[in-house]
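Please take the sequence and the three-dimensional structure together while reading this explanation. The account proceeds from the sheet to the annotated sites and then to the loops.

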Amino acid sequence: MEVVIAPGAELARIAADAIEALLRARPTAVLGLATGSSPLAVYDELARRHTEQGLSFARARAFMLDEYVGLPAEHPERYRNVIEKEIASRVDFAPGAVQGPDGLADDVIAACADYERAITDAGGVDLQILGIGTDGHVAFNEPGSSLASRTRIKTLTRQTREDNARFFDDDITQVPEHCLTQGLATIMAARHLVLLATGRGKAEAVHQLVEGPVSAMWPATVLQHHPHVTVLVDDAAASRL
Ligand code: GLP
C-alpha cells in the first residue's frame, strides 16, 4: 500500500495522472467510478484534460461501485445520474459505456448477478477510484460486510444515512434504506485501487485502513491484502497515522 499525503488539489492531480497514463497506454481500459464528494476534484481534472488536452474516453468503459435502491430514474441523487453529471457527460464515453447496478430492477438478486457478469465480461476493472466512509465503508460495504462479498443488496447504516442526508435536503427520511453495492471481493479484483480521503472526519477510517488489523468491522482494511493500492490523503485525513 502506497500512502501519499498532499494537499487536496495535488491528490486530484495524482489520481488523474494515473487514469491518464492508463488511458494513453490502453485506450480500451476499464475504469471503476465512485460517487461521494472525494472523487469530484478528480472528475473536474479529467474533464479539464479532456477539453484542453484531448484526453479521450471514447474507447474506454466504466463500472460504478454502487447505487441506491428505489430512487426514481430522474432523481438527481440516483448515483447513475450523479456519475452522468459529474464525469460521464463531461467527457466522450461512448453511449452505454458507463454501467451501474440497477437499483430499479424488479429482481435485484438477478440484477446483481448480471452486474458481476458484465464486469467479468469486460475483462475486469483496471483502475478503481474509491472513497471511504467515516465508518470505514468502501462503496456501500458497511461494517460487518463479508470480506469475500460480491455485488448484492445491503441495508445502509444509520451513520451512512446521516452522512448522506446532506444530499437529501438534510432530511434522513429521504435517504433510501437499501442499496446495491459491489462487494469487497469485487472491488479487490480490480487491478489498481486509488482511494481518496480528505478532512479530519476521515482520520479514524484512514488510520484503520492503513494501520488497523484487517477486520470486517472496518471493511476498508481488506485493501491491505491488495497488491496495488494508492491511498491519497490530505494532512487532516492523515492526522491519525
Ligand atoms: C458514500 C458512497 C461511497 C463513498 C462514501 C464517502 O456512502 N457510497 O462510495 O466513498 O460515501 O463519501 P464522501 O467522499 O462524500 O465522503
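**From the sheet to the loops**

Within this predicted model, Glu2 has Thr230 of strand 10 as its bridge partner. That bridge belongs to the pairing of strand 1 with strand 10, two strands that run parallel and are joined by four bridges. On the pairing of strand 10 with strand 9, five bridges link residues 229-233 to residues 192-197, again in the parallel sense. Here Val229 of strand 10 is the bridge partner of Leu193.

These pairings form part of an open sheet of seven strands, which has the order 1-10-9-6-2-3-5 and parallel pairing. The edges are taken by strand 1 (2-5) and strand 5 (98-99); each has a single partner strand, so one side of each lacks a neighbour in the sheet. As general background, the strands of a sheet pair through backbone hydrogen bonds, in either a parallel or an antiparallel arrangement.

How many of the five residues of strand 10 are buried? Four of them are, and strand 10 is therefore largely enclosed by the rest of the structure. Helix 7, residues 203-211, lies across strand 1, strand 9 and strand 10, and runs at about 155 degrees to strand 10.

A second pairing, this one antiparallel, involves strand 7 and strand 8 (residues 178-181), which are joined by four bridges. Lys154 has Cys179 of strand 8 as its bridge partner. Along strand 7 the side chains alternate: those of Arg152 and Lys154 point to one face, and these two residues are buried, whereas Ile153 and Thr155 point to the other face and are not buried. In general, the side chains of a regular strand alternate between the two faces of the sheet.

Attention now turns to the annotated sites and the ligand. The UniProt record, an unreviewed entry, assigns residues 10-226 to the feature "domain: Glucosamine/galactosamine-6-phosphate isomerase". In the model, this span is 34% helix and 14% strand, and its end C-alpha atoms lie 24 Å apart. The unreviewed UniProt entry also applies the annotation "active site" to Asp66, Asp135, His137 and Glu142.

Two of the residues named in that annotation can be followed in detail. Asp66 lies in strand 4, residues 66-68. Is Asp66 buried or exposed? A residue counts as buried if 20 or more other C-beta atoms lie within 10 Å of its own; Asp66 has 22 such atoms within 10 Å and is therefore buried. Leaving aside neighbours within four places in sequence, Asp66 is in contact with Tyr79, Pro101, Ala139, Phe140, Cys179, Leu180, Thr181 and Gln182. Among these contacts is Cys179, the residue that serves as bridge partner to Lys154.

Asp135, by contrast in setting, is found in the loop between strand 6 (127-130) and strand 7 (152-155). Because Asp135 has 18 C-beta neighbours inside 10 Å, it counts as partly exposed. Beyond residues within four places in sequence, the contacts of Asp135 are Glu142, Pro143, Thr157, Gln159, Thr160 and Ala205. One of these, Glu142, is itself covered by the "active site" annotation in the UniProt record.

The ligand is surrounded by 14 residues, of which Gly36, Ser37, Ser38, Gly131 and Gly133 are the closest. By class, this shell comprises five nonpolar, eight polar and one charged residues.

The loop between strand 6 and strand 7 also holds Ser146. Ser146 has 14 C-beta neighbours inside 10 Å and so counts as partly exposed. Although Ser146 and Gly183 are 37 residues apart in sequence, their C-alpha atoms are 8.0 Å apart in space. Not counting residues up to four places away in sequence, Ser146 touches Leu184 and Ala216.

The final stop is a loop in which the backbone merits attention. Most residues other than glycine have a negative phi. Asp169, which is not a glycine, nevertheless has a positive phi of about 55 degrees, and Asp170 likewise has a positive phi of about 55 degrees. Asp169 is placed in the loop between helix 5 (158-164) and strand 8, and Asp170 is found in the loop between helix 5 and strand 8 as well. With 9 C-beta neighbours inside 10 Å, Asp169 counts as exposed; Asp170, also with 9 such neighbours, counts as exposed too.

How values were computed: Residues are numbered from 1 along each chain as its sequence is written. This is a predicted model: local features need pLDDT of at least 70, side-chain atom pairs count only at pLDDT 80 or more; totals for chains, interfaces and linings use all residues. Two strands pair if DSSP finds at least two bridges between them. Two residues are in contact if their C-beta atoms, placed from the backbone, lie within 7 Å. Axes are lines fitted to C-alpha atoms, for helices over the stretch in contact, and angles run from 0 to 180 degrees between N-to-C directions. A residue is near a molecule or strand if its C-beta atom, placed from the backbone, lies within 6 Å of it. Ala, Val, Leu, Ile, Met, Phe, Trp, Tyr, Cys and Pro count as nonpolar, Asp, Glu, Lys and Arg as charged, and the others, Gly among them, as polar. UniProt positions are given in the numbering used here, feature names are shortened, and annotations may be inferred rather than shown by experiment. A residue is buried if 20 or more other C-beta atoms lie within 10 Å of its own, exposed if 12 or fewer, and partly exposed in between; C-beta atoms are placed from the backbone.
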